[in-house]
Amino acid sequence: MIKKLQKRSWAEPYKMKMVELLKQTTRGQRSRAIKAAGYNTFLLKSEDVYIDLLTDSGTNAMSDRQWSALMLGDEAYAGSNSYYKLEKAVQKFLWLQIFSAHTPGRGAENILSRILIRKGDVVPGNMYFTTTRLHQELAGGTFEDIIIDEAHDPTNEFPFKGNVDLEKLTRLIKKHGAKKIPYVSIATNVNMAGGQPISMKNLKELRKFTKQHGIRIIHDMTRVAENAYFIQQREKGYEKKSVKDIVKEICSLTDGATMSAKKDALVNIGGFMATNEWDVFEEARNLVVIYEGLHTYGGLAGRDMEAIAVGIEESLNDRHQQARIGQVEYLGQQLESYGIPIVKPIGGHGVFVDAKAFLPHLTQDEFPAQTLAAELYIESGVRTMERGMVSAGRKPNGENYYPKLELVRFTIPRRVYTQAHMDVVAESAAAVFARRNKIRGLKVVYEPKYLRFFQARFERK
Ligand code: F0G
């Protein structure tokens, strides 16, 4: 039968120039590999992985322009030309004036937390992120979640689940006083909520409110371009604005930022901190020489800074974001078509499967998300990661956090996989879904002190 034209599809705004060959393993090999890895997908060797959806961090494919920029890297110890190019890109596109370069994003988080947080301070934020909260705690602060309640409900389809609940912030100010709050920590496209955006309207209200109380907004801009794309698609008045302009507007509503360039900025390593406050910058510039390197490279090679500068610009292209988010949406729709429970709306950097709903016979202490990630790997060599109780870790007093969301993240690297890979992933998940009732949970056999999800080991119950 001849098909009637019903829609016009988008396609990736690039073509392939080089490919990396993948290895496939047998089920027996995978069962042995995951057992040896303590049922933790972070401890697998990547050569044993077929399709790697562990993270979108540092796993992006660089463009030919980025690869050629690497050759221009100025590796001078001091005053590298590449540093000034990156500084220019941050000033032009991200609207923050002064910045320091750091190896990954958490290097920037360490420095900024040390500068701004005093013992006993409270740091409110739109949901925690693992490394960000730990640096806030190590600096003597306590993180308080002020994201809207909708963000904790995987089935709620509110389009801006990254929004801040100003009532929650008001209560914190009443309880502790504005002086105890050095800044509000705002992430764009909130990772732990499932890659969910904050709206411009909410950010503007927050800006007005924090100005009244003399509190800074520090922006984790790791996925700011993806957030801007959602604003363009979903927020009234932004339909005709470019991702580039929306990013600029977001950044103009903040006082400083940390960024892991390994995500939106399309590189394999690097990050930075940026601020509009000269005092904060001076202290950062001084601290960076203790922990990372001179302030004109901060632990990065000149070539890395060149690639980030180009990557920032490429990430702000509307068609790039359409294809990027479009691919994530495609995978989400495939999973849903098999009845697999996912976080709605489908997020920016990956699809988050609701492990509590997938494996309802397991209690949270049996680690449903950790279990599901291990089963997916055994099924087909697809590597995903846990974003639930293991990632949430322990409070400073040693008690477990019990997050409402118990998720498995299918994170999609940018410009790396095809729709056919997404089909294979969805079919693998469907095969696990078909045998879900027989799946047993896990117990912990080893747990490191910090960020346990990276290195903890488990056994089957
Ligand atoms: N902030 C957010 C929102 C992140 O997602 C990450 C890293 C960081 C900060 C830290 O950056 O890795 O360069 O030190 N997220 C990775 C992930 C690890 O898989 O979500 P980094």
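A salt bridge, as the term is used here, is a side-chain nitrogen of Lys or Arg within 4 Å of a carboxyl oxygen of Asp or Glu. Keep that in mind, as much of this tour of a predicted model follows such pairs.

**The whole chain**

Let's start with the overall picture. The protein chain is built with 16 helices and 14 strands. Its C-alpha atoms fill a box of roughly 60 × 50 × 45 Å along the principal axes. How does the radius of gyration fit a compact globule? For 461 residues, such a globule would come out near 23 Å, and the protein chain has 22 Å, so the two agree.

Of the 461 residues, 59% count as buried. Take the contacts between residues at least 6 apart in sequence: 72% of them join residues at least 24 apart. On the outside, the protein chain exposes about 20,200 Å², with carbon and sulfur atoms supplying 51% of that area.

**Charges and their pairs**

The protein chain carries 67 positive and 54 negative charges, and the mean positions of these two sets are 2 Å apart. Side chains of opposite charge can pair when their charged atoms come close. How many salt bridges does the structure hold? The count is 30. Here are three of them, each with the N to O distance.

| Pair | N to O distance | Separation in sequence |
|---|---|---|
| Arg414 and Glu226 | 3.0 Å | 188 residues |
| Lys17 and Asp64 | 3.2 Å | 47 residues |
| Glu366 and Lys461 | 3.8 Å | 95 residues |

Take Arg414 and Glu226, whose side chains meet in a salt bridge. This pair links distant parts of the chain: Arg414 sits in the loop between strand 12 (407-411) and helix 16 (419-434), while Glu226 belongs to helix 8 (residues 224-234). Are these two buried or exposed? Arg414 counts as buried because its relative accessibility is 1%, under the 20% cut-off. Glu226 is buried too, with a relative accessible area of 0%.

Next come Lys17 and Asp64, another salt bridge. Here Lys17 lies in the segment before helix 1 (27-36), and Asp64 is in helix 2 (residues 64-70), so distant parts of the chain are again linked. Lys17 is exposed, since its relative accessible area is 70% and the cut-off is over 50%. Asp64, at 47%, is partly exposed.

The pair of Glu366 and Lys461 also forms a salt bridge. Glu366 is found in the loop between helix 13 (355-358) and helix 14 (368-380), whereas Lys461 is in the segment after strand 14 (457-460). With a relative accessible area of 17%, Glu366 is buried, and Lys461 counts as partly exposed at 48%.

Some salt bridges share partners. Those shared partners tie Asp56, Arg223, Glu226, Asp264, Arg324 and Arg414 into one network.

**A look at Leu203**

Now for a residue without a charge in this story. Leu203 lies in helix 7 (residues 200-213). Its relative accessibility is 3%, so Leu203 counts as buried. Which residues does Leu203 touch, leaving aside its neighbours within four places in sequence? Its contacts are Ile186, Ile198, Ile250 and Leu253. Met71, by comparison, is 132 residues from Leu203 in sequence, and their C-alpha atoms are 39 Å apart in space.

Technical notes:
Residues are numbered from 1 along each chain as its sequence is written. This is a predicted model: local features need pLDDT of at least 70, side-chain atom pairs count only at pLDDT 80 or more; totals for chains, interfaces and linings use all residues. Side-chain values use heavy atoms; hydrogens and water are left out. Helices (H or I, at least four residues) and strands (E, at least two) are DSSP runs, numbered from the N terminus. The radius of gyration is taken over C-alpha atoms; the globule rule is 2.2 Å times the number of residues to the power 0.38. Buried means under 20% relative accessible area, exposed over 50%, partly exposed in between (1.4 Å probe, protein chains only). Contact means heavy atoms within 4.5 Å. Accessible areas come from the Shrake-Rupley method with a 1.4 Å probe; for residues, only the protein chains shown count as cover. Lys and Arg count as positive and Asp and Glu as negative; His and the chain ends are not counted. The place of a charge is taken as NZ of Lys, CZ of Arg, CG of Asp or CD of Glu.
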